[in-house]
Every structure is written in C-alpha cells, then in structure tokens.
Amino acid sequence: MATLSERILGGNAGEYVDRKVDRAYVHDGTGVLTLEAWKRIGSERLTDTTRLSMLFDHIVPANNSTTATLQHELREFARGSFMHFSDVGCGICHQIMSEGVVLPGEVVVGADSHSCTLGAFGAFSTGVGATDMAGIWLTGETWFRVPETIGIHLSGKFFGAAEAKDLALTYVSRLGMDGATYKALEFIGDGVLGLSMDDRLVLCNLSVETGAKAGLFYADDVTVQYLARAGQMVQPQVPEPCSYAQELTIDLSEIVPLVAVPHRVDTVKPVREIAGLPLDQVFVGTCTNGRYSDLARFARIVKGKSVAVRTIVVPASKAVMAEAIRTGVLSDLVDAGCTIGTPGCGPCLGAHMGVLGEGEVCLSTANRNFKNRMGVGAAIYLGSVATAAASALEGEITEPEVN
Amino acid sequence: MTSKGPAVCVGPDIDTDLVIAGRYLRTKDHSIWVEHVFEDLDPSLAPLLEGSVIVAGKNFGCGSSREQAAVAIREAGVVAVVAPSFARIFFRNAINVGLPLIECDLTCTEGCLVTFDLSEGWVEAEGKRHSIHPLSPRMQAILSAGGLVEYWRNQR
C-alpha cells in the first residue's frame with residue numbers, strides 16, 4: 001500500500017532510489033548554467049535526446065544583447081543536439097509540457113522550481129538545479145529520496161467567486177512556506193472530482209511554495225479526457241489505501257477570495273479585508289494562471305468595460321494565445337485596455353515586460369511575491385484571476401463578484 | 001577534516017531571490033553574483049562572507065531553483081551554511097557545486113566562531129557541540145569530489 005509518489009518512484013518514503021527520468025527540461029534561464037556544467041563534465045554524447053527539452057520562456061524575446069547572446073548559444077546547442085527545442089513565443093516550459101507531453105506515472109524533472117506543476121497529471125514531477133540537469137543530460141537518470149506525503153483531502157465545491165488559486169493560497173497558508181519541505185502533497189477526496197485540469201495545474205504549481213518536492217493528483221476521467229483531446233490515450237490511476245505523514249482537510253465551499261500579501265506567499269488575507277488598496281499594475285499570466293480558461297474568465301469580467309490601471313496579460317503559451325484569438329477573448333482584452341505580452345513568464349521574475357518601479361503596487365496572478373522580485377522597492381499581492389479582473393476595473397484591490 | 005569560520009547570522013525563510021536577485025542572473029560572469037550576493041536582504045553582508053559560516057533560520061534557500069544562489073555563496077568564500085532546514089532544490093544545488101550544508105538549529109551570535117567536521121558529524125559554536133545527521137552516501141561522494149561536475153568527471 002503506497003502513496004502515488006512511492007508507486008511512481010518505486011520505493012518507500014525515506015529510501016534513496018536511482019530513477020530513469022521520462023522527461024527532463026530546461027529553460028533559457030537555467031539552461032545557461034546547465035550548458036556550462038555540461039561542458040565542464042566534458043562528455044560529447046547526451047543521453048536519449050527524445051526525452052530532453054529546452055524551452056525559452058523566461059526572457060522572451062531577449063531584453064538586451066547580453067541575454068540575446070546567451071540565448072543564441074543555447075539555441076545553437078539545442079538544435080545541434082536534436083533535443084526538443086521551443087523558441088521565443090512558444091510559451092512557458094511547464095505549460096507546453098502540460099499540453100499533451102507529460103503523462104500519468106512518468107518521472108519528470110525540470111530545471112525550474114515550478115516543475116511540480118505537472119504532478120497534476122499523476123506524474124512525479126519536480127524541480128532540480130542546473131548542474132543536476134547536466135548530470136541527467138549525461139546519464140538519463142538521477143537520484144531521489146522518496147518523500148513522505150501530506151494528504152490534502154478536498155471536499156465540496158467552490159462557492160461564489162472563489163477559484164483554484166484561492167484554494168491554493170489556503171493550503172499554502174495552512175502549511176506555511178516550509179510546511180512540506182522534503183515531502184510530497186497528494187490532493188485527494190471527493191472535492192477533486194469537480195476540479196478541471198487547469199484547476200489541478202494551479203494547485204500543483206503552488207506546492208513548491210510550501211517547500212514540497214512534488215504535488216500530485218491521481219489521473220482520473222478528467223485527466224484521461226484532457227489528454228485524449230491532446231491526442232494521448234492513457235489509463236486512470238487507482239488510489240490504494242496508504243498512510244500519510246500528515247493530513248489536511250479543506251472544504252471547497254468555505255474558500256473565499258484571498259490575496260497573499262508582501263513578501264510571503266503563506267501570508268494571506270481575505271480580499272475584502274484589504275479592498276481599496278490602490279494599484280499601479282495588474283498582471284495576469286504565468287505558469288500559475290496564464291491558461292486559456294484564465295484569460296477567458298478575465299475577459300468575461302472586463303468585456304465591454306475599461307480597466308482603470310495598467311493591465312498586462314501574458315498568455316502561458318502560443319496555443320493559449322491562438323485559442324484566445326480564435327474565440328475573440330484576446331480582442332475583448334485589448335478592447336478593455338489590456339496590454340498583451342509575448343507568451344512566456346512575462347514580468348513574474350522581474351526581468352522585463354512589466355517590471356515595477358519603486359513604491360509601485362501590483363496585483364498579480366503569479367505564485368511569488370518575494371521582496372523586490374518584480375522590481376526593487378515594489379509590492380506584489382498574489383490573487384486569483386477573478387480578483388485580478390475586479391481589481392483591474394477599479395484600479396484598487398477589489399473583491400470579485402460571483403460570476 | 002575540521003573547518004571553521006566566524007558566524008554571519010541571517011533569518012528564516014531566506015529565498016534565493018534574496019540571495020541573488022533575478023536582475024543579476026543573465027550572465028556567465030560569476031563575479032557579478034558574488035558582488036551582489038544578499039544585496040536585497042542586507043547590502044552590508046557581502047563583505048563579511050569570505051571565510052565565514054552562514055548561520056541561518058529554517059528553510060534557507062526556498063523559492064527559485066536558481067543555482068546562482070549556491071554558486072554566489074560558495075564563490076564569496078563561505079565555508080558552510082548551517083540551518084535547521086533547507087529548501088530541497090537549494091540543498092541539492094549546494095552539494096552539487098561543492099558548498100557544504102549543515103542541518104542544525106544553532107543559536108547565532110554574529111562573529112562567534114563556528115567549527116565543524118562533516119566526516120565526524122558535529123558542529124560546535126559557543127562551547128556547545130551538536131551532532132549532525134550525515135549526508136546520504138551519494139551526496140557525501142559528490143561533496144568530497146568537489147561537486148557534481150567533478151564527480152561525473154571522476155566517473156568517466
């Protein structure tokens with residue numbers, strides 16, 4: 001009787017195992033140090049390159065010639081090595097891997113902390129550093145300490161304007177920034193049935209903000225149908241009775257719209273408690289909330305109105321952007337006064353495309369509000385798409401209405 | 001082998017953005033990371049790091065997987081980082097770049113001498129010796145090699 005992490009990694013919690021990885025990916029940020037470490041290792045031959053990907057998302061297009069030169073070198077290497085390569089404009093690495101690439105039961109490593117996002121498919125997916133990734137390029141495998149698991153029992157359904165992001169901020173605040181360090185999170189219970197793949201991706205995305213190594217859902221009918229639409233036929237995973245190191249119970253119907261206040265993701269307040277706080281910018285996007293359903297929900301709220309503050313919308317991928325064009329969501333956003341950025345991470349990491357000035361305040365749908373992250377001396381509040389839309393219309397933090 | 005250095009104290013939950021800010025990452029010039037290490041936490045820390053032992057609160061190195069954080073601390077001349085717990089990606093990164101980490105809840109007094117011996121499994125400060133959990137055999141092998149690149153070079 002094992003947790004999903006134990007089943008996928010093939011060991012008991014606390015054991016060290018060596019595992020072949022099914023997918024390994026880097027982006028334009030971590031790729032630079034990975035390539036540097038790879039060159040220092042001095043091998044000529046990469047492992048099976050069909051399992052390796054390089055995806056440009058962090059600074060796309062390059063913001064200056066230093067970045068462009070680094071990206072040029074990476075691009076040439078990726079093309080020459082025949083690994084999967086995804087250039088400027090294709091989108092965020094985790095999002096592209098979620099569009100029919102990662103499958104249930106796989107072991108996935110990404111050189112980015114939010115690689116935990118892909119646990120939404122019933123994969124064991126975790127972040128590694130650049131040098132670890134260079135070792136994986138060499139051998140196609142890596143070591144893991146099989147994690148203990150915290151079971152998060154979900155029940156009920158969302159009520160009012162609450163959405164997956166509010167649920168994610170709820171469990172992060174209950175566990176704290178290190179409440180799951182070295183552990184995995186498993187999301188289970190009847191409440192899971194009503195969660196879409198996009199909701200599950202949001203919940204897994206935030207798991208690293210509790211220190212977790214991975215966040216996982218069992219693949220079920222929702223997963224099977226989502227992957228079928230992406231051309232992948234898979235089987236659901238059947239949970240076994242297992243013992244959790246810790247358990248947490250959350251009733252979805254009790255979740256209210258929340259924001260994480262500067263500079264900690266685990267410090268949250270109900271939106272209504274800080275409603276009225278003036279904003280300089282609203283940012284919608286990232287590997288947390290830049291999917292088509294997010295853009296569509298935002299557009300539904302702002303359609304036919306005008307945003308009262310500068311609002312930057314960055315689709316998570318080219319596929320998301322194409323769908324938003326096809327359905328008219330993108331023109332609704334533009335008509336409402338939003339600025340659209342190239343698919344990718346946008347200003348989340350403070351590099352470009354919406355960096356904040358000193359003293360400025362941003363309501364962001366991203367996953368981190370660390371000090372100075374989006375600009376020196378700026379303040380980041382993290383909230384849901386609905387909160388972002390309501391706030392964009394008022395120019396201040398605003399509780400979303402039931403939609 | 002016994003190593004030592006004066007303590008530099010930092011608080012809990014120090015994220016890797018605070019170790020090295022995103023605005024300094026896009027370069028291969030490691031000296032830029034050393035120059036700006038901990039700038040957003042406390043700009044007065046960098047000159048104290050050469051030969052020091054950082055004694056941190058819980059969850060050191062949380063957040064971004066940026067390996068530049070571990071590289072910056074190592075190249076600034078820090079001998080080891082001691083904390084009750086580390087974020088797991090940072091933990092792997094530090095060992096992979098040859099920066100020793102010690103899991104121990106030490107009370108930190110600025111400048112007090114911290115002595116440790118990883119092979120014997122202890123750390124000592126202000127006259128108190130604490131035993132520490134050994135790293136896994138694989139991590140010990142990586143650290144003894146000087147890092148993961150050197151480990152793989154030796155294997156080949």
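Gln281(A) lies in strand β14 (residues 281-284) of chain A, where helices (H or I, at least four residues) and strands (E, at least two) are DSSP runs numbered from the N terminus. Gln281(A) counts as buried, with 24 C-beta neighbours inside 10 Å. The burial classes rest on C-beta atoms placed from the backbone: 20 or more others within 10 Å makes a residue buried, 12 or fewer exposed, and anything in between partly exposed. Not counting residues up to four places away in sequence, Gln281(A) touches Val309(A), Arg310(A), Ile312(A), Gly354(A), Leu356(A), Glu360(A) and Cys362(A); contact is defined by C-beta atoms, placed from the backbone, that lie within 7 Å. The C-alpha atoms of Gln281(A) and Gly395(A) are separated by 8.1 Å, with the two positions 114 residues apart along the chain.

This is a predicted model, in which local features need pLDDT of at least 70 and side-chain atom pairs count only at pLDDT 80 or more, while totals for chains, interfaces and linings use all residues. Residues are numbered from 1 along each chain as its sequence is written, and chains are lettered from A and ligands numbered from 1 in the order in which they are written.

Gly11(A) sits in the loop between α1 (4-9) and β1 (16-20) of chain A. With 18 C-beta neighbours inside 10 Å, Gly11(A) counts as partly exposed. Its contacts, again leaving out residues up to four places away in sequence, are Glu6(A), Val17(A) and Val146(A). Gly11(A) and Gly194(A) are 183 residues apart along the chain, and their C-alpha atoms are separated by 31 Å.

Backbone geometry comes next.

| Site | Feature | Value | Location |
|---|---|---|---|
| Val60(A)-Pro61(A) | cis peptide bond | omega about -15° | Pro61(A): loop between β3 (52-55) and α3 (65-81) of chain A |
| Pro262(A)-His263(A) | cis peptide bond | omega near -5° | His263(A): loop between β12 (258-260) and β13 (268-270) of chain A |
| Phe82(A) | positive phi | phi near 65° | loop between α3 and β4 (84-86) of chain A |
| Asp13(B) | positive phi | phi near 55° | loop between β1 (2-9) and α1 of chain B |

Phe82(A) is a residue other than glycine with a positive phi, and it is exposed, with 11 other C-beta atoms within 10 Å. Asp13(B) likewise has a positive phi in a residue other than glycine, but Asp13(B) counts as buried, with 22 C-beta neighbours inside 10 Å.

The domain assignment of chain A gives domain 1 (4-8 + 10-145), domain 2 (149-254) and domain 3 (258-394); such bounds come from an automatic or database domain assignment. The C-alpha centres of domain 2 and domain 3 of chain A lie 23 Å apart. Across this boundary, 15 residues of domain 2 of chain A are in contact with 18 residues of domain 3 of chain A. On the domain 2 side, α6 (164-175) and α7 (197-205) of chain A each supply at least two residues. α6(A) gives the most to that side, with six residues. The residues of the domain 2 side divide into six nonpolar, four polar and five charged. In this classification Ala, Val, Leu, Ile, Met, Phe, Trp, Tyr, Cys and Pro count as nonpolar, Asp, Glu, Lys and Arg as charged, and the others, Gly among them, as polar.

Between the chains, 35 residues of chain B are in contact with 41 residues of chain A. α1 (16-19), α4 (88-96) and α6 of chain B each supply at least two residues of the side of chain B that touches chain A. α4(B) gives the most, with five residues. By class, this side of chain B has ten nonpolar, eleven polar and 14 charged residues.

Within chain B, the axes of helix α5 (residues 137-145) and helix α6 (residues 148-155) come within 7 Å and cross at roughly 95°. The axes are lines fitted to C-alpha atoms, for helices over the stretch in contact, and angles run from 0 to 180 degrees between N-to-C directions. α5(B) is therefore roughly perpendicular to α6(B), the class for 65 to 115 degrees, with angles under 35 degrees roughly parallel, over 145 roughly antiparallel and the rest oblique. In this contact, Ala141(B), Ile142(B) and Ala145(B) in α5(B) meet Leu148(B), Glu150(B), Tyr151(B) and Asn154(B) in α6(B). These residues divide into five nonpolar, one polar and one charged.

The largest nonpolar core has 195 residues, and Ile73(B), Val81(B) and Val82(B) have the most contacts inside it. Such a core is a set of buried Ala, Val, Leu, Ile, Met, Phe, Trp, Tyr and Cys residues joined through C-beta atoms within 7 Å. Leaving aside neighbours within four places in sequence, Ile73(B) is in contact with Val19(B), Val37(B), Ile54(B), Val78(B), Val81(B) and Leu99(B).

Definitions and conventions. Two residues are in contact if their C-beta atoms, placed from the backbone, lie within 7 Å.
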